[in-house]
Amino acid sequence: MTAHDLTLSRRSLLAGAGGLIIALHLPKAARAQSAGSATFAPNAFIRVAPDHSVTVLVKHIEFGQGPFTGLATLVAEEMDADWGQMRAEHAPADVKLYANLAFGVQGTGGSTAIANSFDQIRKAAATARVMLVQAAAQAWKVPAGEITIEKGVLTHASGKQGRFGDFAEAAAKLPVPENAPLKQPAQFKLIGKEGVVKRLDGADKARGKTKFTIDISAPNMLTVVVARPPRFGGKVASFDATDALKVKGVVDVKQIGSGVAVYAQGMWPAIKGREALKVVWDESEAEKRGSAELVAEYRALARTPGKVAGSHGDAEAALAKAERVIEAEYVFPYLAHAPMEPLDGYLEWNAQGALARFGSQFQTTEHQTIAQILELPPEKVQLETMLAGGSFGRRAQVSQHLAAELAMCAKAIGPNRPVKLVWTREDDLTGGYYRPLFVHRMRGAVKDGKIAGWSTSIVGQSFILGTFFEQMIAKNGLDSTMFEGANELPYEISDFHCEVHATKVGVPTLWWRSVGHTHTAYAVECFMDELLQAAGQDPVAGRLALMGKEPRLAGVLKAVAELAKWTGPDAGNGRARGVGVAESFGTFVAQIAEVSVGEGGEPKVHKVWCAVDCGIAVNPDVIRAQMEGGIGFGLGHALYGELTLDKGKPVQTNFDSYRSLRIHEMPEVEVKIIASTEKPTGVGEPGVPPIGPAVANALARLGQGRPRRLPMVGGIA
Amino acid sequence: MAHTLTINGRSHSVDVDDDTPLLWAIRDNLGLTGTKFGCGVAQCGACTVWIDGQPVRSCVTPVSAVEGKVITIEALEGKEAAAVQAAWDSLDVPQCGYCQSGQVMSAVALLKENRKPSDRDIDLAMNGNICRCATYARIRTAIHAAARTLEG
Ligand code: FES
Ligand code: FES
């Protein structure tokens, strides 16, 4: 935390987090908040209403990656519901009912939504089904075993028929059975099937009807923007609000922990009020190094011994023996997430309680943070998760800074005055919490067509060490999010070594869609390709020869080669093809990119073939959409993305300088989903890692070299 | 001062400063929130509305400069709109959805001008609309699909 007026100790968070019990359980005591006595809520996840609608309470935030549709598919499958009767909404913040089983607290991240909920929500649905059937059996006076359900209609051989809503009230009075049977995969009618479901949130989004946090309004509500320090670690020394208060519509100006808050009747007066505000900043403790200085420091550090993150054989000895050592150094800039909806939040409160509404990704800790700042008992604070306009990691806040700032804004103006805090795009891009800047220094050698030694040194910031998440993620003081994907390779290399340096820099950083893999996959896959090229090997065959212990990764690589009709890197017509593969979050993805050098010498990516193995594919079209989106997101940043610091100040302040991929830069994408009976894994992030190296490896075959410094286009640092 | 705006066929008087962007008058004063804020500097297209049928960036259009008839996503209608929204539905274009009001406003405006847009036409008409979820491939397919529906 940089500039909050609160100190949340790890201990207080842990104590409040419900004991961090990680176990698969189906909460029985709590039933989904019901809409009336005739509603049937057999558990915390499902509500069946008299109008036959089945509402799934989704504990994972929906910001485009598809959990509403995914979890509703699982429920509809087990209940044999009709897709038209399915609804989804966010579950309230309640760690006892809605903890993410991978974390022990309520939260979304690590592409865990489907993996976590696959068994849990199906059990909940199977239970609901048994109870509805039982209620029908009692009403019809027939054995339950003789009742079937198809598309939401219960039927008995005698010709009796009914729908879920007809039995909701009776089912609600039945005891909750243990061990309701789950379907076998052969019985699936929706899971894994093409064209049987549509996104539940799609139609409203195409019509501007979806309500996001920024769309909230309430009587007497004030819109708040905050003036924050221009450099990270800066503080308010003094401020003069005279001119700000003269702006029509500005109501008040208050200093809060993160800066100076301007309260106004609407966004425009708030923005103008902030422009008129005069703040003197105390920058004595601010970070003043720029990207260029950091890169120079990191490069030097990469040449000194770090902490060992992975090692086998003797890489140094192997490299010492080698005729030729190939070296490469990769530099990765800070990156902003820039979700389309900037950060925002709504809060109303008084001594009786509080209601917070925003795109909360870590509900449990954010709920506690708000309660603590408002000095209210947690049970008096309600947190409603809103649909959010993207996240890419930005809302998964280790520091809770948005929830804290929202609560501070609300507290400073006093009770019974609802506030809506909105960040502008400038606030977003200059506000930190970036994907950290990294340097990877690689050394390797090739002998007789084989990789004879691989050594890598990784330098960058950790956003985990010293936080609440350290005990969940770090081992032996090593933060795996810094080097995941680089400390153990999918390739058999007998002499291997990986070291890491965690630097201390006053720039707040955060996970960014696919986390460590955003840079490790680039460094590993580019360097591997370079070594294979030096060994005279084909990029596909050469990789496969080293992937003996990685059947699923080899599987996607073979599949993508087949899909692209791979015959080698040369695609003719001035085009070349490059390969990238990566496992992340338990999902395996391989991509081939076809690239040429386009206008102004910029890389032009024409087509991307992608194969993905995510275990059982629950919603094939959502998986394809996430691969397409992941490729676009990864490509845009590999080509153009850079958040440069100049003497500690962010240079790019809006989309005019933080260049985002646009429609004419989006390649055609073809996706192949591998059939699998393995447990499902996530797809929100794994589409991202392979695209950067796939493009770089194609550029190398066009004689452009593999870009060693990202972004590929422009780049200031 | 008071400004009279014709929005979605109705005349509204809003009492805001002259330099207030149409975007904030629409959202904060009139409560029409389908039009989104993404950048405030005419770079992302999330705020796209039509003035006299032309797509404009409402975030950089001050209310004092608005003379024509404004249409927002809430009042979008007609066969091009129906075709575009149906194609968006059938291809499941939206992800987070935040950019999609602007995408749809731009796409419908394109099809009103050009019943059979080429890929290049789509690039030119749509490259002012950023989608951070990168739904671009589906947007392109959906515009072609909508064009086919309109052909009949
Ligand atoms: S908000 Fe108007 S173009 Fe971005
Ligand atoms: S759908 Fe998320 S920004 Fe376009």
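In what order do the strands of the open sheet of five strands in chain A follow one another? In this predicted model, the order is 22-23-24-25-28, and the pairing is mixed. Strand 22 (570–572) and strand 28 (668–673) of chain A sit at the edges, each with a partner on one side only. Going from one strand of this sheet to its neighbour, the turn averages 20°, with direction ignored.

One pairing in this sheet can be followed in more detail. Strand 25 of chain A, residues 603–613, runs parallel to strand 28 of chain A, and six bridges join the two. Across this pair, Ala611(A) faces Lys672(A), which belongs to strand 28 of chain A. The sheet also has a helix packed on it: helix 17 of chain A, made of residues 551–563. Helix 17 of chain A touches strand 23 (575–584), strand 24 (587–597), strand 25 and strand 28 of chain A, and its direction makes about 35° with that of strand 24 of chain A.

Next come the cavities. The count is six when those of 30 Å³ or more are taken, and the largest of them has a volume of about 150 Å³. Its lining is made up of 15 residues; nearest the centre of this largest cavity lie Thr518(A), Gly634(A), His637(A), Ala638(A) and Leu710(A). Three elements of chain A give two or more residues each to this lining, namely helix 15 (517–534), helix 18 (620–640) and helix 19 (691–701). Sorted by class, the lining of the largest cavity holds ten nonpolar residues, four polar ones and one charged one.

Over in chain B, there are five helices and five strands. Along the sequence they come as β-β-α-β-β-β-α-α-α-α. The C-alpha atoms of chain B fit in a box of roughly 45 × 30 × 25 Å along the principal axes. Does that chain come out compact or extended by its radius of gyration? A compact globule of 152 residues would have a value near 15 Å, and chain B has 15 Å, so the two agree.

Chain B opens its pattern with two strands, and these form a hairpin. Strand 1 (residues 2–7) and strand 2 (residues 10–15) of chain B pair in the antiparallel sense over six bridges. Within that pair, Thr6(B) stands across from Ser11(B) of strand 2 of chain B. Two residues lie between the strands of the hairpin, and in the turn Asn8(B) has a positive phi of about 55°.

Definitions and conventions:
Residues numbered from 1 in each chain as written. Chains lettered and ligands numbered in written order. Predicted model: local features only at pLDDT ≥ 70, side-chain atom pairs only at ≥ 80, totals over all residues. Heavy atoms only, no water. 1 Å grid on protein atoms, 1.4 Å probe; cavity = no way out; pocket = protein on both sides within 12 Å on 5 of 7 lines; lining within 4 Å. Points joined across faces, edges and corners; volume = space filled by probe spheres on them. Helix = DSSP H or I, 4+ residues; strand = E, 2+ residues; numbered from the N terminus. Nonpolar A, V, L, I, M, F, W, Y, C, P; charged D, E, K, R; others polar. Pairing = 2+ DSSP bridges. Axes fitted to C-alpha atoms, helices over the stretch in contact; angles between N-to-C directions. Contact = heavy atoms within 4.5 Å. Rg over C-alpha atoms; globule rule 2.2 N^0.38 Å.
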